[in-house]
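Reader: I should like to go through the assignments for this entry and the criteria behind them. May I put my questions in turn?

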Amino acid sequence: DAAAAKRTQELEAALAKQQDAAKAAEAQFQQKLQKSEATAKDLSAAEASAQKKIAELEAAIAKQQQAVSSKDAAAAKRTQELEAALEKQQDAAKAAEAQFQQQLQKSEAKTKDLTAAEASALKKIAELEA
């Protein structure tokens, strides 16, 4: 009976030791689980923050592209306006040159007529003097 009691006591002590070890292991597991959950929560928050930043950057890029596109359109319109104004000025210059050429031709014709009239008058004067 004493041997059986001793054996029972030893078994109870071993069982208690195992239970303590199991409790310690469970506590350690719980700590690791909590740490893992906290890390997962931190990672999730970091991912959400990164996603928000990505969305902000994409919006900023889209806004810049729109601004560039708008500037390009404005520059193209301004270039078109300047080309039209230049063409108008060139047309006006051509018209003025054509008008000048007409006046020059008229003036040359008038000079020719006056020269002929002067020659005729000089001839007439010479005839009258003779």
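Reader: What area does the protein expose, and what share of it do carbon and sulfur atoms supply?
Author: The model is predicted, so local features need pLDDT of at least 70 and side-chain atom pairs pLDDT 80 or more, while totals for chains, interfaces and linings use all residues. Residues are numbered from 1 along each chain as its sequence is written, and side-chain values use heavy atoms, without hydrogens and water. The protein exposes about 12000 Å², of which carbon and sulfur atoms supply 57% (Shrake-Rupley method, 1.4 Å probe).

Reader: What makes the protein more spread out than a compact globule?
Author: Its radius of gyration, taken over C-alpha atoms, is 55 Å, whereas the globule rule gives 14 Å for 130 residues; that rule is 2.2 Å times the number of residues to the power 0.38. The value is well over the rule, so the protein is more spread out than a compact globule. The C-alpha trace spans about 190 × 15 × 10 Å along its principal axes.

Reader: Why is the contact of E81 with R78 called a salt bridge?
Author: The definition asks for a side-chain nitrogen of Lys or Arg within 4 Å of a carboxyl oxygen of Asp or Glu. The closest N and O atoms of E81 and R78 are 3.6 Å apart, so the pair qualifies. Both residues lie in helix α1, three residues apart.

Reader: Why is E10 called partly exposed?
Author: Buried means under 20% relative accessible area and exposed over 50%, with partly exposed in between (1.4 Å probe, protein chains only). E10 has 39%, and therefore counts as partly exposed.

Methods
Helix = DSSP H or I, 4+ residues; strand = E, 2+ residues; numbered from the N terminus.
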